[in-house]
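Visitor: I would like to go through the charged and nonpolar surface features and the salt bridges here. Please show the structure before we begin.

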Amino acid sequence: MNEFSLPYCLMIEEGIYEHLDEALLECIPGIADKKVMIVTEPALQNVIAGYLDEMKRDLRGSELFFIEYNSFEQAMELAKSACSQGFQAIIGIGGGKVLDVAKYAGFVAKIPYICLPTTLSNDSLASPVSVLDIDENTRKTLGCKIPTGIVVDINVIMNAPVEQLKSGIGDTISKYTALYDWKLDAAHRGDRVDDFAYMISDMALNSLCYHEEKSLKSKEFIKILTQALVMGGLAMEIAGNSRPSSGSEHLFCHSLEEYYPGIKIPHGMAVALGSVVSCMLQGRNVIRLREIFKAYELDINPMNWNITKEIFVDAWQKAPGTRKERYTILNEISLDSSYLERIYDQLV
């Protein structure tokens, strides 16, 4: 059985960033007297200025660090600063880029990490992995430690761009095909899936699929989406790998990132598009999946993301090679060009 850890605290409340001192103290007792690294990005400085000022006031030993890219190099620079300057905790406040870099830096420096998301574009806020750029054309998913604390202010998330929230929906709904691929992999290896991790991931999926509230700017929906993304991250931690949340649909996304970096499609939207195609390749009824994406107004037309038919076909054919150790439906079928072209035409 895989050994796993869970966040020491998880808070999802309205206006909780207005009393961050109390929230942070619950996550790490005595944090006010510790040397704390606060990490964000320049683009958010004005947006969250009030919260930054409050943290610097309440955390007397804190220092503010800005990152420009979600790169391995930036994460290592932060980790080096944390180790050499004696920081005892790290707080990431921002979107997926900030959270992935701060999380990995905390893991390398072996200090507690607290996650303060300002948007919900993917499950990085609670996952035991960080997706970082290794170089200009290579992005890797690197194992790390799950956050010590997760503090989410519903009011702050409501101000996030709608497209980023849609990306978070796409990342959650893609579990529909990821879970199917996980079972395929287990059968192929003569292994078994972790029942508890599978159940939690499935709960995350169903919480969005069958929830009546579809308004992305309602407080109830923000809470449901946050919980779904957190559950996705916890499922990965319990399983000891990303299989509860990542299958053939993610391989398609990795293929686009590695071979077509000029395609600017958010991660969550790429895996949403991938999950529709994976569902077809798995021989399952795709109608329900498409109805859900339509209800949330997710655009799964590849042409609208500048993905031509040639790119689409090539990305799917190269997808299995992006993670050769990962067994999915792509290992069991022929990725025939004419078949993929017909799928593309259906999507368009």
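Visitor: Is E26 buried or exposed?
Guide: Buried means under 20% relative accessible area, exposed over 50%, and partly exposed in between, with a 1.4 Å probe and protein chains only. The relative accessible area of E26 is 51%, so E26 counts as exposed.

Visitor: How far can the coordinates be trusted, and what is the mean pLDDT of the protein?
Guide: This is a predicted model, in which local features need pLDDT of at least 70, side-chain atom pairs count only at pLDDT 80 or more, and totals for chains, interfaces and linings use all residues. Residues are numbered from 1 along each chain as its sequence is written, and side-chain values use heavy atoms, leaving out hydrogens and water. pLDDT is the predictor's confidence in each residue, from 0 to 100. Here 100% of the residues reach 70 or more, and the mean pLDDT is 94.

Visitor: Which element has the lowest mean pLDDT?
Guide: Helices (H or I, at least four residues) and strands (E, at least two) are DSSP runs, numbered from the N terminus. Helix α13 (residues 309-322) has the highest mean, 98. The lowest, 86, belongs to strand β7.

Visitor: Which residue forms a salt bridge with R139 at 3.5 Å?
Guide: A salt bridge is a side-chain nitrogen of Lys or Arg within 4 Å of a carboxyl oxygen of Asp or Glu, and the structure holds 15. R139 meets its partner at 3.5 Å, N to O; the partner is E257.

Visitor: Where in the chain does E257 lie?
Guide: The pair links distant parts of the chain, 118 residues apart. R139 is in strand β7, and E257 is in helix α10 (residues 248-259).

Visitor: Which residue is linked with R139 and E257 in a network of salt bridges?
Guide: R139 is partly exposed at 27% relative accessible area, and E257 is partly exposed at 23%. The residue linked with them in the network is D133.

Visitor: How many residues apart are R323 and E258?
Guide: R323 forms a salt bridge with E258, the closest N and O atoms being 3.1 Å apart. The pair links distant parts of the chain, with E258 in helix α10. Their separation along the chain is 65 residues.

Visitor: Is R323 buried or exposed?
Guide: Its partner E258 is partly exposed, with a relative accessible area of 22%. R323 has a relative accessible area of 12%, so R323 is buried.
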